[in-house]
Amino acid sequence: MDKISIVIPCYNMEKLVAKCIDSIKNQTYTNFEAIFVDDGSRDRTKEVIEENIKDDDRMKYVYKENGGLSSARNFGLEFISGKYLCFIDSDDYVEKDYLMELYNNLIENDSDISACYFNRVYENKIDLNKVEEGFYNMVKFPAAWNKMYKSSLFKDNDILFPPGKWFEDLGTFPKLYMMSNKKISIVKKPLYQYIQNPTSITHTFDERIYHTYDMVKTNEIFAKENNIYEEYRDEQEYINVYHILIGTVYRSSFIEGFNTDTIKDIVRHVEDKYPNWHENKGIRKLPIFFKIYLKALHHKQYKLIVFLLKLLNDKISIS
């Protein structure tokens with residue numbers, strides 16, 4: 001059994017991290033190391049982790065000054081020794097076969113990355129989220145977790161999470177995908193439980209939503225530096241379509257002062273690089289609502305879009 005490294009970033013998680021630890025301890029795949037990275041917590045996170053891992057020498061606690069999620073994950077990568085690698089967020093938990101299923105799937109399919117379905121866990125409901133093969137499907141939710149990677153993907157290609165930014169996974173997963181030579185396989189089971197926190201980034205709206213611009217750009221630069229930009233040009237364009245023209249426009253609708261000028265500025269940002277974005281083949285894989293929306297966006301029906309988003313923004317799921 002190959003060794004699997006798990007990196008778990010933690011910040012002020014004294015109330016939730018114990019459940020995460022238990023779910024890792026109970027894995028049916030036993031040859032792993034779990035590295036809990038305390039990102040400068042100000043509560044009892046350290047005490048809770050140390051109390052819960054003291055009887056398991058596969059688990060390690062490390063501390064660093066606060067630097068954010070990317071910084072914590074990157075710090076954890078310095079300690080890994082496994083051939084394979086997973087990330088788990090400390091407020092989430094995984095099913096007991098999480099490691100086993102992802103590992104077997106990766107080995108049996110000779111993949112560089114394996115991914116699984118996941119559940120969004122709310123206070124009063126659970127929503128199943130399926131993951132499908134192919135870049136256009138997977139990049140819609142580029143989370144670091146719910147996946148297992150060959151550790152060499154990170155090490156050999158000098159891939160780290162962009163520090164100090166929101167949407168850091170968007171600035172990381174596309175790079176991993178491109179360097180995996182599309183060798184990705186799917187476990188069609190919800191093995192990861194993604195706890196929905198109303199105060200998390202996903203549910204918060206401020207000017208940092210425009211960090212998507214930086215994350216998209218870092219993927220384009222990476223592709224050019226590795227001489228694969230033309231090979232993945234359509235994929236880079238699609239990231240702009242889905243995460244900026246859909247995602248950023250949608251999140252902007254929650255900010256006070258959202259209007260047609262807001263949309264124009266966002267569209268201009270994409271059109272300067274990809275003037276024919278509306279012809280991207282990935283659009284065919286989107287739900288009908290998004291196809292209609294993008295068609296309206298292409299024809300500059302901005303007033304209609306502003307009206308619809310203000311009317312429907314509580315009912316639309318971007319990722």
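Tutor: A residue counts as buried under 20% relative accessible area, as exposed over 50%, and as partly exposed in between. Keep that in mind, and also that we're looking at a predicted model.

Student: Let's use it on Lys300, then. Is Lys300 buried, exposed or partly exposed?

Tutor: Its relative accessible area is 47%, so Lys300 lands in the partly exposed class. You'll find Lys300 in the loop between helix H11 (288-298) and helix H12 (302-312). Check its backbone too: phi of Lys300 is near 60 degrees, a positive value in a residue that isn't glycine.

Student: Which other residue has a positive phi although it is not a glycine?

Tutor: Try Asn227, with a phi of about 55 degrees. Asn227 sits in a loop as well, the one between helix H8 (211-225) and helix H9 (233-252). With 71% relative accessibility, Asn227 is over the 50% cut-off and therefore counts as exposed.

Student: Let's zoom out. How many helices and strands does the protein chain have?

Tutor: The secondary structure comes to 12 helices and nine strands. The C-alpha trace spans about 60 × 40 × 35 Å along its principal axes.

Student: How do I read the radius of gyration of the protein chain?

Tutor: Hold it against what a compact globule would give. For 319 residues that's near 20 Å, and the protein chain has 20 Å, so the two agree. Then look at burial: 54% of the 319 residues count as buried. The accessible surface is about 14900 Å², with 48% of it belonging to carbon and sulfur atoms.

Student: And the charges: how far apart are the mean positions of the positive and negative charges?

Tutor: They're 5 Å apart, taken over 44 positive and 49 negative charges.

Student: What about contacts between residues at least 6 apart in sequence: what share of them join residues at least 24 apart?

Tutor: That share is 78% in the protein chain. Asn12 makes a handy single-residue case: leaving out residues up to four places away in sequence, Asn12 touches Ser41, Arg42, Asp43 and Thr45. Asn12 belongs to the loop between strand E1 (4-10) and helix H1 (17-25). At 30% relative accessibility, Asn12 counts as partly exposed. You can also compare sequence and space for a pair: Asn12 and Ser90 are 78 residues apart in sequence, with 9.6 Å from C-alpha to C-alpha.

Student: Got it. Where does Lys183 lie?

Tutor: In the loop between helix H7 (173-179) and strand E9 (184-195). Lys183 is partly exposed, with a relative accessible area of 32%. Skip the residues up to four places away in sequence, and Lys183 touches Asp110, Ser111, Asp112 and Ile113. Its C-alpha is 25 Å from that of Ile8, and those two residues are 175 apart along the chain.

Student: Now one inside a helix. Is Val267 buried or exposed?

Tutor: Val267 has a relative accessible area of 2%, so it is buried. Its helix is H10 (residues 260-271). Apart from neighbours within four places in sequence, Val267 is in contact with Leu245, Leu297 and Tyr302. For a distance check, Val267 and Val241 are 26 residues apart in sequence and 9.4 Å apart in space, C-alpha to C-alpha.

Student: Last topic: aromatics. What describes a pair of aromatic rings?

Tutor: Two numbers do it: the distance of the centres and the angle of the planes. Here the count comes to 26 aromatic pairs. One of them is Tyr149 with Phe154, at 5.5 Å centre to centre and 85 degrees between the planes, which is edge-to-face. Tyr149 is buried at 1% relative accessibility, and Phe154 is buried too, with a relative accessible area of 4%. Phe154 also pairs with Phe161: that pair is tilted, with 6.1 Å centre to centre and 35 degrees between the planes. Phe161 is buried as well, with a relative accessible area of 2%.

Student: Which residues do ring pairs link into a cluster?

Tutor: Pick out Phe135, Tyr136, Phe173, Tyr177, Tyr238, Tyr242, Phe289 and Phe290 in your viewer; ring pairs link them into a cluster.

Key: Residues are numbered from 1 along each chain as its sequence is written. This is a predicted model: local features need pLDDT of at least 70, side-chain atom pairs count only at pLDDT 80 or more; totals for chains, interfaces and linings use all residues. Side-chain values use heavy atoms; hydrogens and water are left out. Helices (H or I, at least four residues) and strands (E, at least two) are DSSP runs, numbered from the N terminus. The radius of gyration is taken over C-alpha atoms; the globule rule is 2.2 Å times the number of residues to the power 0.38. Buried means under 20% relative accessible area, exposed over 50%, partly exposed in between (1.4 Å probe, protein chains only). Contact means heavy atoms within 4.5 Å. Accessible areas come from the Shrake-Rupley method with a 1.4 Å probe; for residues, only the protein chains shown count as cover. Lys and Arg count as positive and Asp and Glu as negative; His and the chain ends are not counted. The place of a charge is taken as NZ of Lys, CZ of Arg, CG of Asp or CD of Glu. Rings of Phe, Tyr and Trp (its six-membered ring) pair if their centres lie within 6.5 Å; planes under 30 degrees apart count as stacked, over 60 as edge-to-face and the rest as tilted.
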